[in-house]
Amino acid sequence: MATLVLAGTLEGHSPALVLYDGARIHGIELERLSRLKHNLTLERHQQQTRDLRARAMRGGRTAPDFALLDQAVRYVLENAGATWADVTHVAGVVDSDAVLRRLCPDRLGRPRSAGAIGHHEAHAASAYYPSGFDEAAVLVVDAFGDMAPEGARAVETVSIWRGHGSELQCLEMRYSPLSALDGSSPTGHLSPGLFYADLTVQIGFMVREAGKVMGLSPFGHPSKRDALRPFVSFDHDSGDVRFSPGYLDAMRALVGSGSEAERADCAGAGQEVLERVLFHYARRAESLTGCRRLVMAGGCALNSVANGKLLRSGLFDEIFVQPAAGDNGLALGMALRTHPPEPGVFSMGASCFGRIYSDEAVREAIAQTDFASTHFPEEEALCTEVARRLAGGEILGWFQGAAEFGPRALGHRSVLCDPRASTMKDILNARVKFREAFRPFAPAVLESAAEDYFSLDRPSPYMLFVAPVKTPALLPATTHVDGSARVQTVCPERTPRFAALLATVGAQTGVPVLLNTSMNVMGQPIIETPVQALEMLGACALDGLVLGDHLVTKTS
Ligand SMILES: [Fe+2]
């Protein structure tokens with residue numbers, strides 16, 4: 001019988017479920033089904049922001065939604081053309097007994113193995129096995145993972161692993177005592193992710209809006225850049241990084257009256273600390289493993305500014321960051337850990353594990369609307385028309401194939417426009433995205449031309465490395481205030497139709513670069529279905545929507 005692993009996490013934030021057959025993954029983040037970002041109502045998100053430390057003390061557990069889990073199970077089984085009877089292994093995270101029981105009930109009909117895999121172990125597996133490397137140092141950094149074994153009142157915060165072939169070995173697991181997480185300990189805590197979460201909340205964002213801090217940080221005044229450094233200490237013998245409790249007051253002092261300039265000062269100072277911490281642990285990972293390749297996961301690995309600096313530092317020859325590096329990636333890691341692939345067997349590819357909607361489904365969805373649509377059976381003609389419209393200043397939705405697994409739209413559920421127009425960022429915000437003005441938009445560039453525009457000498461397919469822009473005047477809508485950009489490189493092997501579009505854009509304009517942002521209504525998760533995409537077209541000021549081979553507009 002062929003192996004078929006069903007793995008998921010339902011408790012905690014960013015729940016997800018995947019089905020893995022030894023080579024291929026089918027997966028869905030539960031937020032895409034519930035249509036609630038991070039699967040949280042705004043009220044619960046606000047509550048978790050207020051109760052951040054109480055959540056840490058509880059290990060981040062939240063009440064499971066079993067109906068949603070069942071929906072997700074149906075989704076992945078249908079996509080794989082499989083049934084419950086085909087499932088051979090089930091995996092969940094440690095302490096998720098309720099989820100395991102639900103995933104592995106008697107209804108399976110025959111005994112199955114139900115594996116419990118640790119939080120950091122799953123993060124490590126999620127990063128190493130899809131990396132394509134046959135040997136690598138693995139670094140996991142987040143806010144808090146599982147409780148320490150044998151009743152110790154402490155939680156996982158940082159771990160270093162060594163991947164070799166299909167083996168994955170933990171070399172160091174760092175725990176922070178619960179007594180330190182609640183802020184009462186005079187010695188502070190050991191969690192980089194909690195430090196950054198505190199920073200996010202003190203600046204005035206909700207706890208899962210750390211990306212906004214990163215976007216705001218370059219606006220901070222250079223004189224304030226070192227303001228939080230006294231509150232972090234490095235023990236190079238033990239490897240510990242300790243955050244002293246005084247940093248909360250120091251953050252509040254930096255935020256002051258709450259002006260944007262003051263909040264940016266705080267963001268810049270906190271970002272500086274996180275970068276130092278990540279460099280410390282990356283060096284430690286290198287010295288413990290002797291590996292010249294690094295893979296990373298855990299929420300802190302989504303800090304693309306730090307990742308870009310690490311890449312340019314030369315500390316490692318190659319770095320792979322798994323695109324679903326947050327807790328949504330735990331399901332992927334659990335599946336791969338349950339049935340570890342040989343190196344090179346499993347590839348992250350375009351990170352698109354969702355359902356592919358048929359042309360028939362697309363046509364049916366369009367037929368239910370009053371919109372005009374044009375069918376382009378030839379890809380070349382479609383790309384020519386879309387490129388022409390984008391160069392003319394239009395903002396278009398771009399829906400192709402399966403949805404991305406992870407927080408970034410990478411050319412399957414994207415909103416696209418021309419990054420060469422200096423006004424485009426404001427227009428996009430006013431009409432479609434409604435984001436804070438300080439937040440940058442990302443460029444997608446044809447991989448073969450990336451070095452013409454960015455100081456980036458290797459692929460960045462998942463938008464996880466920020467790089468200096470060589471031609472900022474040419475790309476004003478995607479160049480941040482410090483002259484950088486969170487680059488996505490696009491190649492035909494990984495994302496063929498998006499690459500074809502970028503090549504056509506390059507042929508028409510001379511610049512094979514597009515602004516690429518996620519297709520979602522403000523405050524909601526990324527679009528999953530054609531119907532949702534058409535609803536978004538109707539609800540906001542998109543100029544049109546490309547649905548597979550169809551260009552849909554509000555008027556003919
Ligand atoms: Fe985590």
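Student: Which residues does Leu-228 touch, not counting residues up to four places away in sequence?
Tutor: Taking contact as heavy atoms within 4.5 Å, Leu-228 touches Phe-195, Leu-199, Tyr-247, Ala-250, Met-251, Leu-254, Cys-266, Ala-269, Gly-270 and Val-273. The model is predicted, so local features need pLDDT of at least 70 and side-chain atom pairs count only at pLDDT 80 or more, whereas totals for chains, interfaces and linings use all residues. Residues are numbered from 1 along each chain as its sequence is written, and side-chain values use heavy atoms, with hydrogens and water left out.

Student: What makes the 104 residues that include Leu-228 a nonpolar core?
Tutor: The term covers buried Ala, Val, Leu, Ile, Met, Phe, Trp, Tyr and Cys residues joined through side-chain atoms within 4.5 Å. The largest such core has 104 residues, and those with the most contacts inside it are Ile-203, Leu-228, Leu-294, Ile-319 and Phe-454. Helix 11 (residues 260–289) gives the most to this core, namely 12 residues, where helices are DSSP runs of H or I with at least four residues, strands are runs of E with at least two, and both are numbered from the N terminus. A second core, separate from this one, has 44 residues, among them Val-87, Ile-527, Cys-540 and Leu-542.

Student: Why is Phe-465 called buried?
Tutor: Buried means under 20% relative accessible area, exposed means over 50%, and partly exposed lies in between, with a 1.4 Å probe and protein chains only; Phe-465 has 6%, and therefore counts as buried. Phe-465 is found in strand 17 (residues 465–468), and beyond its neighbours within four places in sequence it is in contact with Ser-304, Asn-307, Gly-308, Leu-311, Ile-319, Val-321, Ser-460, Ala-485, Arg-486 and Val-487.

Student: How do you know that helix 13 (residues 330–338) is largely enclosed by the rest of the structure?
Tutor: Of its 9 residues, 7 are buried, and therefore helix 13 is described as largely enclosed. The buried residues of helix 13 are Leu-330, Ala-331, Leu-332, Gly-333, Met-334, Ala-335 and Leu-336.

Student: What is the phi of Ser-351?
Tutor: Most residues other than glycine have a negative phi. Ser-351, which is not a glycine, has a positive phi near 60°, and Phe-434 likewise has a positive value, about 55°. Ser-351 lies in the loop between helix 13 and helix 14 (359–367) and is buried, at 0%, while Phe-434 lies in the loop between helix 16 (424–433) and strand 16 (442–446) and, at 43%, counts as partly exposed.

Student: Why is the second largest pocket said to lie between domain 2 and domain 3?
Tutor: Both domain 2 (119–338) and domain 3 (359–553), whose bounds come from an automatic or database domain assignment, give residues to its lining, so the pocket lies between them. In contact across these two domains are 25 residues of domain 2 and 21 residues of domain 3, and 30 Å separate their centres, taken over C-alpha atoms.

Student: Of the residues that line the second largest pocket, which are the closest to its centre?
Tutor: About 380 Å³ of space lies in this pocket. Of its 18 lining residues, the closest to the centre are Ser-131, Ile-319, Phe-320, Pro-461 and Arg-494. The largest share of the lining, 4 residues, comes from strand 12 (residues 318–321).

Methods. 1 Å grid on protein atoms, 1.4 Å probe; cavity = no way out; pocket = protein on both sides within 12 Å on 5 of 7 lines; lining within 4 Å. Points joined across faces, edges and corners; volume = space filled by probe spheres on them.
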